[in-house]
Amino acid sequence: MTGNPEELKVNRREIYRYLGIRSGEPDQATQALVESVLKELTDNVQLREFHQMFPLHVPQDELHTIDMTCFRTHSRSLEKNLRGCSDIIVMAATIGSKVDLLLRRYSLTNASRGVVMQAASAAMIEAWCNLTNDAIKTEAAGRGLYLRPRFSPGYGDFPLDNQRDIFQALQVEKRVGIALTESLLMIPSKSVTAVIGAGRDHLPCVREGCEVCSKADCLYRRHSAAG
Ligand code: SF4
């Protein structure tokens, strides 16, 4: 799927946070710079994503093993989050390679704009993932399924190595235009892979993840460390 950059809801607060502004509003000059950078990014991003649903099986006799049909992994925190799910959606998304060219150019010619662009482009790939997540949620609802939050390799004890499996399962390079280096870096840099559990239990999940969810007593709550 491709997307329309004008439809992205980029979280300004997140950009300010990446810039080290934890509370209050930034000064007008900073706000104007952020808006100018967002406009430039909107004119240059190429939104692409691909996702696919697979049957999910969590073998009871193999500790913390998760069988996603397209690959298997071991993760205590992911297994906890996926309890009760029947399916898994595997996704890959990017805002494109022109962003990396801009980041490189500004790092040489205008460092302060480059720093703001790093923050704004990080928030923008998040916004693109959220938009994709919303479309997946609608598709899943059509099958009577509800989503758990997104979970990316490298988060908690979900091995980063599983990037390779996701790339192979979805043919990410061919379908989405993202390359994976030997050291597991994605090119373009503002790219994300993730898995999303789906099941019949209607939990009040928030797509931004368990960390910002207010359901403190949730049995499926994941942790950034294994747990
Ligand atoms: S803590 Fe919230 S977001 Fe996480 S699994 Fe539970 S309901 Fe869903």
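This dialogue goes through the sheet, some buried polar residues, the salt bridges and the unusual backbone angles of a predicted model.

Biologist: What kind of model is this, and how are residues numbered?

Modeller: The model is predicted, so local features need pLDDT of at least 70 and side-chain atom pairs count only at pLDDT 80 or more, while totals for chains, interfaces and linings use all residues. Residues are numbered from 1 along each chain as its sequence is written, and side-chain values use heavy atoms, with hydrogens and water left out.

Biologist: In what order do the four strands of the open sheet stand?

Modeller: Strands of a sheet pair through backbone hydrogen bonds, either parallel or antiparallel. Helices (H or I, at least four residues) and strands (E, at least two) are DSSP runs numbered from the N terminus, and two strands pair if DSSP finds at least two bridges between them. Here the order is S1-S4-S8-S5, with antiparallel pairing. S1 (48-55) and S5 (146-151) are the edge strands; each has a single partner strand, so one side of each lacks a neighbour in the sheet. From one strand to the next the twist averages 20 degrees.

Biologist: How many bridges join the edge strands to their partners?

Modeller: Eight bridges pair S1 with S4 (residues 85-94) in the antiparallel sense, and His51 is opposite Met91 in S4. S5 is joined to S8 by four bridges, also antiparallel, with Leu147 opposite Ala198 in S8.

Biologist: Which helix packs on the sheet, touching S1, S4, S5 and S8?

Modeller: Contact means heavy atoms within 4.5 Å. Axes are lines fitted to C-alpha atoms, for helices over the stretch in contact, and angles run from 0 to 180 degrees between N-to-C directions. Helix H5 (residues 111-142) touches S1, S4, S5 and S8 (191-199), and its direction makes about 145 degrees with that of S4. Helix H6 (residues 162-170) lies across S1, S4 and S8 and runs at about 90 degrees to S4.

Biologist: Is S5 mostly covered or mostly exposed?

Modeller: Buried means under 20% relative accessible area, exposed over 50%, and partly exposed in between (1.4 Å probe, protein chains only). S5 is mostly covered, five of its six residues being buried.

Biologist: What does the side chain of Asp100 make a polar contact with?

Modeller: A polar contact is a pair of N or O atoms within 3.5 Å; within protein, one must be able to donate a hydrogen and the other to accept it, and residues adjacent in sequence count only if both atoms are side-chain atoms. Asp100, in helix H4 (residues 98-109), has such a contact with the side chain of Ser189 at 2.5 Å. Asp100 is buried yet has no salt bridge, and the nearest side chain of opposite charge, Arg104, is 5.3 Å away. For that count, Lys and Arg are positive and Asp and Glu negative; His and the chain ends are not counted.

Biologist: Where does Ser121 lie, and is Ser121 buried or exposed?

Modeller: Ser121 lies in helix H5 and is buried, with a relative accessible area of 0%. A polar atom of its side chain lies 2.7 Å from the backbone oxygen of Met117. Leaving aside neighbours within four places in sequence, Ser121 is in contact with Leu41, Ile95, Val99, Leu103 and Lys190.

Biologist: How many salt bridges does the structure hold?

Modeller: A salt bridge is a side-chain nitrogen of Lys or Arg within 4 Å of a carboxyl oxygen of Asp or Glu. The structure holds 13. One of them joins Arg113 to Glu40, with the closest N and O atoms 2.9 Å apart. This pair links distant parts of the chain, Arg113 in helix H5 and Glu40 in helix H2, 73 residues apart. Arg113 and Glu40 are both buried. Another salt bridge joins Arg13 and Glu25 at 2.8 Å, N to O; Arg13 is partly exposed at 34% relative accessibility, and Glu25 is exposed at 57%.

Biologist: Which residues have a cis peptide bond or a positive phi?

Modeller: Most residues other than glycine have a negative phi, and most peptide bonds are trans. In this model, a cis peptide bond joins Ile187 and Pro188, with omega about 0 degrees. Pro188 is in the loop between S7 (186-187) and S8. Thr69 has a phi near 70 degrees and is in the loop between S2 (65-67) and S3 (72-74). Leu184 has a positive phi of about 70 degrees; Leu184 is buried, at 11% relative accessible area.
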